Amino acid sequence: MQSRTHLMTALAVVLMAGGVTACGHIDAEPITPGPRPTANFSNIGYADWTEDEPSYRFYPGDELEVSVPSATELNKSVVVQPDGRVALPLVGPVMAADRTIEELEATLTQAYAGQLLRPQVQVSIKSTAPLKVFVGGEVGNPGVYDMAGDGDALRAIIQAGGFKTSAKRNQVIIIRRGPDGRAMMRTADLLKGLTSPGGADLVPLRRFDIVYVPRSGA
């Protein structure tokens, strides 16, 4: 419970610091500093953890295969650009980021309906951009990391320089955005991943997961 309180305190301090930085350019009367933040924050209401896999949503860097069976000359492999769009013949750039396969197929079918008779556009994933995850706490090099292929919490920590000697390896915190947009939190015993691989709770990661390693004894 204390480690969770420390995590919430750290996040609150970061948010407060970010707010000060964001407002620092505004001309205003000097503000008298308020009381320093303490550990007495209310617990954040996390959603219940679920392993249900939501429908994949496209992200910049993903490569897609777009096919139009009734007009095969329009079939094309496209990459989701940094602005989230894909460039296609006849219809121009179309927003693809944060849309599922079904949603993008419906959007493209509607777009091509002005050019073709009853088109049925099909979309498939050719390759995906690396997963970006955030690793913090008692690790060698906290930061944002790209995970190639299927990543898990232990591999993310190893990529971030491994555990510090002060790390509480059996209570690593994973924070994830849930299906309804609320954050979910769970802990994982990654000590087993180093001593007993067969019984390890490695926690497969999703894009933008947060992996936080608390301090031992905290």
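Biologist: Which residue in β9 does R176 stand opposite?

Modeller: This is a predicted model. In it, strand β8 (residues 172-177) and strand β9 (residues 183-188) pair in the antiparallel sense over six bridges. Across that pairing, the residue in β9 that stands opposite R176 is M184.

Biologist: Which residue in the turn between β8 and β9 has a positive phi?

Modeller: β8 and β9 form a hairpin, with five residues between them. The phi in question is about 95°. The turn residue that has it is G181.

Biologist: Which strands are the edge strands of the five-stranded open sheet?

Modeller: The order in this sheet is β7-β6-β10-β8-β9, with mixed pairing. An edge strand here pairs on one side only. The two are β7 (143-147) and β9.

Biologist: By how much are neighbouring strands of that sheet turned against each other on average?

Modeller: Take the five strands in the order β7-β6-β10-β8-β9. Ignore their direction. The average turn between neighbours is 25°.

Biologist: What is the bridge partner of L131 in β7?

Modeller: Strand β6 (residues 131-137) runs antiparallel to β7, and five bridges join them. L131 has its bridge partner in β7. That partner is M147.

Biologist: Let us turn to the other sheet. Which strands stand at the edges of the open sheet with the order β2-β1-β5?

Modeller: This sheet has three strands and antiparallel pairing. Two of them have a single partner strand each, so one side of each is left without a neighbour in the sheet. These edge strands are β2 (76-79) and β5.

Biologist: Which residue in β2 does L64 stand opposite?

Modeller: β1 and β2 pair in the antiparallel sense. Four bridges make up the pairing. Opposite L64, in β2, stands V78.

Biologist: What angle does the direction of α2 make with that of β5?

Modeller: Helix α2 packs on the three-stranded sheet. There it touches β1 and β5. Its direction makes an angle with that of β5 of about 130°.

Biologist: Why does the span of α2 agree with its number of residues?

Modeller: α2 covers residues 101-112, which is twelve residues. At 1.5 Å a residue, the helix should span 16 Å. The span agrees because its end C-alpha atoms are apart by 16 Å.

Biologist: How wide is the arc that the buried residues of α2 cover around the axis?

Modeller: The buried residues in α2 are L104, L108, T109 and Y112. They lie on the same side of the helix, because the arc they cover is only 135°.

Biologist: Which exposed residues does the other face of α2 carry?

Modeller: The buried side of α2 is covered by elements including β1 (63-67), β3 (85-88), β4 (92-95) and β5 (122-127). The face in question is turned away from that buried side. Its exposed residues are E102 and Q110.

Biologist: Is T109 buried or exposed?

Modeller: T109 lies in helix α2. Leaving out residues up to four places away in sequence, T109 touches P119, Q120 and V121. Its relative accessible area is 19%, and buried means under 20%. Therefore T109 is buried.

Biologist: Which residues does L116 contact, leaving aside its neighbours within four places in sequence?

Modeller: L116 sits in the loop between α2 and β5. With a relative accessible area of 22%, L116 is partly exposed. The C-alpha atoms of L116 and V68 are separated by 10.0 Å, though the two are 48 residues apart along the chain. L116 is in contact with V68, A71 and L74.

Biologist: Which residues of β3 point to one face and are buried?

Modeller: Side chains alternate along β3. R85 and A87 point to one face and are not buried. Pointing to the other face, and buried, are V86 and L88.

Biologist: What is the bridge partner of L88 in β4?

Modeller: β3 and β4 run antiparallel, joined by four bridges. They form a hairpin with three residues between them, and L90 in the turn has a positive phi of about 75°. In β4, L88 has as its bridge partner G92.

Biologist: Where does pLDDT stay under 50?

Modeller: The mean pLDDT of the protein is 80, and 77% of its residues reach 70 or more. Where pLDDT is low, the predicted coordinates should not be read in detail. The stretch under 50 has seven contacts beyond four places in sequence. It covers residues 9-42.

Terms used
Residues are numbered from 1 along each chain as its sequence is written. Side-chain values use heavy atoms; hydrogens and water are left out. The expected span of a helix is 1.5 Å times one less than its number of residues. Buried means under 20% relative accessible area, exposed over 50%, partly exposed in between (1.4 Å probe, protein chains only). The arc is that of the directions from the helix axis to the C-beta atoms. Contact means heavy atoms within 4.5 Å. Two strands pair if DSSP finds at least two bridges between them. Axes are lines fitted to C-alpha atoms, for helices over the stretch in contact, and angles run from 0 to 180 degrees between N-to-C directions. pLDDT is the predictor's confidence in each residue, from 0 to 100.
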